[in-house]
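Let us take a walk through this fold together, one stop at a time. Have the picture open beside you as you read.

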Amino acid sequence: IDVRIDDEPLARDEVSFDEASGLVAGLRRRPLSSGKHRLTVAVNDNCGKPARPYEGTFLVDTEGPRVAASSPAPDGWVREGEVRLTCALVDIPSGVEPSGIAVPLDGVRVAAAYDATAQTLSGVLEVKDGEHRIEVQARDRAGNVATRGWAFRVDRQAPIFFDLGAKGRVTLRLVDFGSGMAAETLAVTEAGEWTWDPSTGVLFAAKSPQIAVADLAGNVSKFVSPGVPISEYDKMRSGGRPPRVEPPPPVKVQEIPPTPPAPAPAAPAGSEGGSAWPWLLGGVLVLAAGAAGAWWFLRKRAKAPPSA
């Protein structure tokens with residue numbers, strides 16, 4: 001019995017033959033590299049007559065799938081609450097087993113879809129501000145498992161302009177509590193003479209400026225005078241929700257002319273400039289007296305004896 005792999009024969013003690021079943025088995029002690037290999041088996045009977053040899057190929061896969069992350073970027077910043085997961089997931093030669101894919105986000109498994117044609121894994125991650133960790137676990141059809149994990153951070157709050165309350169000039173402190181200020185994006189106009197210290201974030205300007213700046217996550221903030229009181233700094237740094245950086249647009253209110261007062265009732269003749277209330281009250285009293293007199297007269301008549 002002659003067993004060869006890639007035309008290299010196996011040693012005698014690496015080949016066995018079971019006469020009862022007619023099976024030939026080989027065990028190569030030296031590992032094979034990943035990829036395609038050629039197997040040949042040649043057998044002679046006891047008379048030395050050769051049988052028809054066997055020739056075939058097989059694949060060896062000793063490595064797990066390869067994961068290449070593209071979004072979110074490892075150790076990068078994003079500014080959306082919904083982050084799209086995109087990464088390449090490739091395995092050669094056996095291929096990725098779709099049922100062997102798992103994507104834990106902060107230890108909780110989330111949904112993800114694998115496109116075998118494009119060899120990409122995608123999904124949507126719902127996250128809050130702060131640091132998060134995602135892992136991609138994958139298994140190939142040969143049973144090899146690979147895991148790739150990385151961290152990313154979320155910052156959805158734009159930089160804040162704190163008013164330091166200095167008199168005589170504009171004094172602001174530009175702060176970003178998340179990813180940090182992108183100094184190269186700072187644009188200041190209509191400020192007259194101005195200076196900015198990147199180490200402290202303090203900006204001095206001769207007059208109220210127009211300022212725009214972005215943080216490392218891409219959030220853009222525009223200055224709205226007079227800024228946030230510096231007394232709010234500690235609360236915001238400790239996690240308090242900052243106010244809106246830009247106020248809502250003004251609401252146009254339509255002016256409605258006041259309704260003229262109703263004219264007062266005319267006074268009776270001969271009472272120019274006087275009030276009508278005494279005359280009305282007198283009329284009510286006269287009517288009440290007349291009604292009482294009529295009631296008394298009818299009652300008395302009803303009690304009188306009938307005339308003969």
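Leaving aside neighbours within four places in sequence, N219 is in contact (heavy atoms within 4.5 Å) with R79, D155, R156, Q157, A158, P159, V213 and A214. This is a predicted model, where local features need pLDDT of at least 70 and side-chain atom pairs count only at pLDDT 80 or more, while totals for chains, interfaces and linings use all residues. Residues are numbered from 1 along each chain as its sequence is written, and side-chain values use heavy atoms, with hydrogens and water left out.

You will find N219 in the loop between β21 (210-215) and β22 (220-222); strands are DSSP runs of E with at least two residues, helices are runs of H or I with at least four, and both are numbered from the N terminus. Its relative accessibility is 8%, so N219 counts as buried. Here buried means under 20% relative accessible area, exposed over 50% and partly exposed in between, with a 1.4 Å probe and protein chains only. The side chain of N219 also reaches the backbone oxygen of D155, at 2.7 Å.

The two strands beside that loop belong to an open sheet of three strands, in the order β18-β21-β22, with antiparallel pairing. Why is one side of β18 and of β22 left without a neighbour in the sheet? Both β18 (181-189) and β22 stand at the edges, each with a single partner strand, so one side of each stays free of a neighbour in the sheet. Strands count as paired if DSSP finds at least two bridges between them. Between β21 and β22 there are three bridges, in the antiparallel sense, and A212 has K222 in β22 as its bridge partner.

Next, look at β20 (residues 202-205). Four bridges join β20 to β17 (residues 170-175), and the two run antiparallel; R173 has V202 as its bridge partner in β20. Strand β19 (residues 194-197) pairs with β20 as well, again antiparallel and over four bridges, and here W196 is matched with L203. β19 and β20 make a hairpin with four residues between them, and G201 in the turn has a positive phi of about 80 degrees.

Now for the nonpolar cores, which are sets of buried Ala, Val, Leu, Ile, Met, Phe, Trp, Tyr and Cys residues joined through side-chain atoms within 4.5 Å. The largest one has 19 residues, of which I101, L125, V127, I134 and F152 touch the most other members. Its largest share, four residues, comes from β9. Another core lies apart from it, with 13 residues that include L172, L186, V188 and I211.

Last come the aromatic rings. Rings of Phe, Tyr and Trp (its six-membered ring) pair if their centres lie within 6.5 Å; planes under 30 degrees apart count as stacked, over 60 as edge-to-face and the rest as tilted. The structure holds four such aromatic pairs. In one of them, the ring centres of F161 and F223 are 5.5 Å apart with planes at 65 degrees, so the pair is edge-to-face. F161 lies in strand β16 (residues 160-163) and F223 in the loop between β22 and β23 (228-229), so the pair ties together parts 62 residues apart in sequence. F162 and Y233 are also edge-to-face, at 5.3 Å centre to centre and 65 degrees between the planes. With F177, these two form one aromatic cluster.

Definitions and conventions: A polar contact is a pair of N or O atoms within 3.5 Å; within protein, one must be able to donate a hydrogen and the other to accept it, and residues adjacent in sequence count only if both atoms are side-chain atoms.
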